[in-house]
Amino acid sequence: MRFIGNVRHLLGITWPLVAAVLCLMLVASISADIMSAVRAYLTGESHWSKGQKDAIFHLTEYARRGDPRSYAAFEKALSAPLGDRLARLALSSPHPDLAEARRGFAQGLVKEDDIDGVIALFRWFGDSYLMAPSISLWTRGDAYIAELQEVGIGLRAARSSTPVDAAEVERLVARIETINTELTPLTVDFSEELARAAKRTQSLLLVVMLIATLILVPAGLWLAGRFMVRSQRLAIENDGLKREVDIAAKIQSAILPNVGRLPHLDVAARMVPAATVGGDCYDVQPAPDGCWIAIGDVAGHGLSTGLVTMMTQSALATVTHSSPQSGPAAAVCAINAVLYDNVRLRMKSDDHVTFVLLRTFNDGRVLYAGAHEELVVWRQSTGRCETVLTRGTWLGPRADITATTPEAQLTLAPGDLLVLYTDGVVEASNAHKVEFGLERLCAVIEAHAREPVSDIVASVFERVNAWAPQQHDDVTALVMRYQPPAAPAAVA
Amino acid sequence: MSLPSLTTPELKCTVTEGPEGLTFIFDGRAESVAAREALRSFLASADQTARARKAAQVKVDFGPLIFINSSCFKEFVLWLTTVSQRPVAEQYRLIFMANPGVRWQRASLHSLATFATNLVEIA
């Protein structure tokens, strides 16, 4: 994945240069095709010239000796120029007949592989200054070829008559000489003009390549430079953002309480966020004759939910410090009022917080309020866990939750454990989508209940991680043991 | 107005209409971003359908819904909040049929009901 990411990043910067190189390769490929077609024209012209020269020679021989083999050689020699003529006429038509043109060029001894290029060159550049002069000379030459064909037919008729029409033969031989005299310079011009056309084409293609290079390479470099600058800027911005997120994560970790030994309670807790900044929170704060303990979870995880958890903890700290004598229900309602104002009204967010607040007392009483996962109480007397539902409501969506925030009470005996956790513990799913669940959590607690609370927390995390190696949600667990100091020994 | 539908690879909802009104039966798991998007759009359509039919009550059967994460559950909170904020004449009752054997339902449906005790019933 990292390799693919690097390749994508590299392509993101260099694609203008790659595009420029591809364009140049395309121009070079087209140039090579054009030059190949030009060379095919030159070869075709040599076949045309040779054909007409041979045709004149064999027809003259036929006129003098009347040998049918000479006439057959004349017809064969004339075949190539006639084929080229056929192709030229097919392509010059307002509706070019490409099949006919192919047949003509094949007869004109143009190689099969070159025929399409020759046709394309004729159609694209036939009227341009590159090809028009050559085609004009070719057209004039073809007129002589046609005349030569007619002379051949006439000569054959004169030779075949009985007796031989010697006067007509003489007249036609004179005509052949005239054709030869007029066609020879034309053939030279045709050949030279084609050579010039080839040179002009080559020069033009070089200019096109040069212009394309001069435009595409600097454009590619300029664009790549811009992308690189933008990429560097984004990288700097990302670094800054990452630093800020890291700072937010550190702040979130920093405001978590340093739990340990409190009067009457041993407490251990751990939170592992799924993202850099989590949506879970917990807090433990000393209070007169006991302490406040809270656990909460903002739906989702990430920076925005992390902010809401920090708001929740701040509000909790404010409320419990300013009103240490109030009960948990009143404190929860006050925290809700802060969150409703901040989250719903100011941030216009629909986040809500599942949250339970406990007020423990040194005599083992625990008052609690809010709505969160079921509380787990391990009883030393039975060695078993009990679960307790929290019958409140969530924080954030409504301004006043007084009517739906009852306060309830449970009592801990010395040695009992109270376990708080977020849904990341019980909803951790294995590969078969089976949740870790409350029963397995209780089983872990029952198995390790007599160990130090920090070891119990470690065991819970170990089992959850083993159950669901891939973490999808924030995971938090808090374990406390009610451990009142031993009563002083009676004095005798 | 036709009945809305919700079918994703992991989550689906069967909608029926009987003499007692509309019933939505959710089935599967709702935990992915795609499921949440589908759920949001579906619940908006469900609300429109209930209003168009001037429904007095809507039943939501969560029985076969094995799991829903908090992000997806927020969509139901949003639905309930939307209904509860309307004038009384435009509101309808929501009866959530729960399966107490499913942990998330045990933990969350009571809290959902507290959002609008006059509108919500957990059956």
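1. Let's start where the two chains meet. In this predicted model, 23 residues of chain A are in contact (heavy atoms within 4.5 Å) with 21 residues of chain B. Together the two chains bury about 2,000 Å², and 50% of that lies on carbon and sulfur atoms. Buried area here is the accessible area, taken with a 1.4 Å probe, that two parts lose on being put together, summed over both.

2. A word on conventions before you go on. Residues are numbered from 1 along each chain as its sequence is written, and chains are lettered from A and ligands numbered from 1 in the order in which they are written. Because the model is predicted, local features need pLDDT of at least 70 and side-chain atom pairs count only at pLDDT 80 or more, while totals for chains, interfaces and linings use all residues; side-chain values use heavy atoms, with hydrogens and water left out.

3. Now look at charge across the interface. The rule finds 6 salt bridges between chain A and chain B, a salt bridge being a side-chain nitrogen of Lys or Arg within 4 Å of a carboxyl oxygen of Asp or Glu. Try finding Arg103(B) and Glu373(A): they form a salt bridge, with the closest N and O atoms 2.5 Å apart. On the side of chain A that touches chain B there are 7 nonpolar, 6 polar and 10 charged residues. In this scheme Ala, Val, Leu, Ile, Met, Phe, Trp, Tyr, Cys and Pro are nonpolar, Asp, Glu, Lys and Arg are charged, and the others, Gly among them, are polar.

4. Asp474(A) deserves a visit. This residue sits in the loop between helix H11 (453–467) and strand E11 (475–482) of chain A; helices (H or I, at least four residues) and strands (E, at least two) are DSSP runs, numbered from the N terminus. Asp474(A) is buried yet has no salt bridge, and the nearest side chain of opposite charge, Lys74(B), is 12 Å away. Buried means under 20% relative accessible area, exposed over 50%, and partly exposed in between (1.4 Å probe, protein chains only). For charge, Lys and Arg count as positive and Asp and Glu as negative, while His and the chain ends are not counted. What does the side chain of Asp474(A) reach? One partner is the backbone nitrogen of Gly279(A), at 2.5 Å, and another is the backbone nitrogen of Asp280(A), at 3.5 Å.

5. Next, find Cys442(A) in helix H10 (residues 437–448) of chain A. Cys442(A) counts as buried because its relative accessibility is 11%. Leaving aside neighbours within four places in sequence, Cys442(A) is in contact with Val376(A), Cys385(A) and Thr387(A). The C-alpha atoms of Cys442(A) and Val377(A) are separated by 9.1 Å, with their positions 65 residues apart along the chain.

6. Two loop residues of chain A make a nice pair to look up. His264(A) is not a glycine but has a positive phi of about 75°; its place is between strand E1 (261–262) and strand E2 (265–272). Lys348(A), also not a glycine, has a positive phi of about 55° and lies between helix H8 (328–346) and strand E5 (353–361). Are they buried or exposed? His264(A) is buried, at 15% relative accessible area, whereas Lys348(A) is exposed, at 67% relative accessibility.

7. Finally, chain B has 3 helices and 7 strands, which run along the sequence as β-β-β-α-β-β-α-β-α-β. Of its 123 residues, 52% count as buried. Among contacts in chain B with a separation of 6 or more, 71% come from residues 24 or more positions apart.

Note on methods. Polar contact = N/O pair within 3.5 Å; in protein donor to acceptor, adjacent residues only side chain to side chain.
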